[in-house]
Amino acid sequence: MQICFFEDDRCDAFQPLTLTRPVDNLRIGIDTISEKWKKALGTSAKSRLLRTELAEVFSRGKIASNESCLWINSRYLPSDNLVERIKDLGDGQCLKHNKTIIAARVTGSDSKLWHKKNSPNFSNLFVLESPDFTSITHLWDLLQLNGQEIEQDIARYTIPKPSSGTKAGNVELQHPENIYIQEGATIESGCVLIADDGPIFIGRNATVMAGTHIRGPAAICKDAVIKMGAKIYGNTTVGPVCKVGGEVNTTIFHSYSNKGHDGFVGHSLIGQWCNLGADTNTSNLKNNYSSIRINKWSDRQEIETGQQFLGTIMGDHCKTAINTQLNTGSMCGVCCNIFSADFPPKLIPSFSWVGSNVIQTYKLDKAFEAMEAMMLRRDVPLTDEYRQMMTQIFESRTP
């Protein structure tokens, strides 16, 4: 069965993270949303509809006309119940909760036409009213659901017991039956992995350096490195090829991002290719314990989150200097360079050069130089298509 992901009218709620990726590419738990669905439905035939600014960077895939296609709303996460409901759909049927299309099954010929037009037409489908299933509606939902998604993702992996990674002789594993270490992973001397409150996943070729403490539920993904003496608390995901040290709690690092030194990051979402300087700290709790308000990215209007804990939302390619302080509910756009000695503003537009009490525009050519230098360290080229996407973000930035 082939699948195609589509975004609904709520996709703007996940900016600035979705300025540079489709919703199905958001990471929650171990995998991205699209990776979860491929495993849950047992298929490798994936396609998606893409916003214009992303069309040259991400693959749209292909749809074969001789096979039905499942259309999946990218905001929804695969649970056992939802997967069963979707598998029971017939051609021309859709699952709908209130006004939201959750999923549909459509003939290959119609699906191929929709894919070509980059626009689905669910209006003529037979509607099966459905209870709501697990989905993300706000940015902070990614944090609230991260622990349970780590558990759900582990269930879809095949990890032999005993785990096949390399563990030093004096590594302490509390509840080892709840700790999953993939082939090629290394756990160095003096590490303590505590899986009392949830599972711990260590991905292929990941390294957990000496003296690290990890409390589950937590996921250290493929090729990630946890620096010596780090303290990783529950509901945290360190994405592929990230390097993370210091103290981290309830945070998702997407991939290729670094927090290599001491400092606290809590209840935060960090995009790709970010680098947090030594002793960068994020506040995730207000001094008066009140609910945190943030600025909605699309219109800059302040909104109430209802969350007592919320740190920093950081778009791709952001950098902080040593000793940077980020306030509760800070929103950083794409490609920001933050070196303020004081708390910078809570809302930082994309391509901002943020010093003490002043924000200037980050020159595009200089930004590209920094991007290319960082990406080449990981053998990832800065393509013309990627430059074009970033140029569009630069040109459409709102001060």
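1. A disulfide is a pair of cysteine sulfur atoms within 2.5 Å. By that cut-off, this predicted model holds zero disulfides. Take C242: the closest cysteine sulfur, in C221, is 8.0 Å away, too far for a bond. C242 counts as buried, at 0% relative accessibility. C335 is in no disulfide either, with the sulfur of C318, the nearest from a cysteine, 7.1 Å away. C335 is also buried, its relative accessible area being 2%.

2. Next, the sheet. Six strands make an open sheet with parallel pairing, in the order 8-11-14-17-20-23. The edges are strand 8 (172-174) and strand 23 (264-266). Each has a single partner strand, so one side of each lacks a neighbour in the sheet. Within the sheet, strand 11 (residues 192-194) pairs with strand 14 (residues 213-215) over three bridges, in the parallel sense. To place one of these contacts, look at L193, whose bridge partner in strand 14 is I214.

3. How much space lies in the largest pocket? The value is about 560 Å³. Its lining has 32 residues, and R27, E35, S255, Y256 and Q272 are the closest to the centre. Two elements give two or more residues to this lining: helix 1 (33-41) and helix 7 (384-395). The largest share comes from helix 7, with three residues. By class, the lining of the largest pocket splits into 14 nonpolar, eight polar and 10 charged residues.

4. The second largest pocket has a volume of about 290 Å³. It is lined by 15 residues. Nearest its centre are Q15, L19, W297, I393 and S396. The class make-up of this lining is three nonpolar, seven polar and five charged residues.

5. Enclosed space comes next. The search of the whole structure finds one cavity of 30 Å³ or more. About 70 Å³ of space lies in the largest cavity. Which residues line the largest cavity? They are L17, R21, L26, R27, L142, I252, H254, L269, I270 and G271. Six of the lining residues are nonpolar, two polar and two charged. R27 is worth a second look: it lines this cavity and is among the residues closest to the centre of the largest pocket.

6. There are nine aromatic pairs in the structure. In one of them, F339 and W353, the ring centres are 5.4 Å apart and the planes stand at 65°, so the pair is edge-to-face. This pair links distant parts of the chain, 14 residues apart. F339 is in the loop between strand 33 (337-338) and strand 34 (347-348), and W353 is in strand 35 (residues 352-355). Both rings belong to partly exposed residues: F339 has 36% relative accessibility, and W353 has 32%.

7. F351 and F394 form another edge-to-face pair, with 5.2 Å centre to centre and 90° between the planes. Here too distant parts of the chain are linked, 43 residues apart. F351 sits in the loop between strand 34 and strand 35, whereas F394 belongs to helix 7. Are the two partners buried or partly exposed? F351 counts as buried at 0% relative accessibility. F394 counts as partly exposed at 22%. Helix 7 therefore appears twice in this note: it holds F394, and it gives the largest share of the lining of the largest pocket.

8. A last aromatic item: F6, W71, W114 and F122 form one cluster.

Notes: Residues numbered from 1 in each chain as written. Predicted model: local features only at pLDDT ≥ 70, side-chain atom pairs only at ≥ 80, totals over all residues. Heavy atoms only, no water. 1 Å grid on protein atoms, 1.4 Å probe; cavity = no way out; pocket = protein on both sides within 12 Å on 5 of 7 lines; lining within 4 Å. Points joined across faces, edges and corners; volume = space filled by probe spheres on them. Helix = DSSP H or I, 4+ residues; strand = E, 2+ residues; numbered from the N terminus. Nonpolar A, V, L, I, M, F, W, Y, C, P; charged D, E, K, R; others polar. Pairing = 2+ DSSP bridges. Buried < 20%, exposed > 50% of the residue type's maximum accessible area, 1.4 Å probe, protein only. Phe/Tyr/Trp six-rings, centres within 6.5 Å; stacked < 30°, edge-to-face > 60°.
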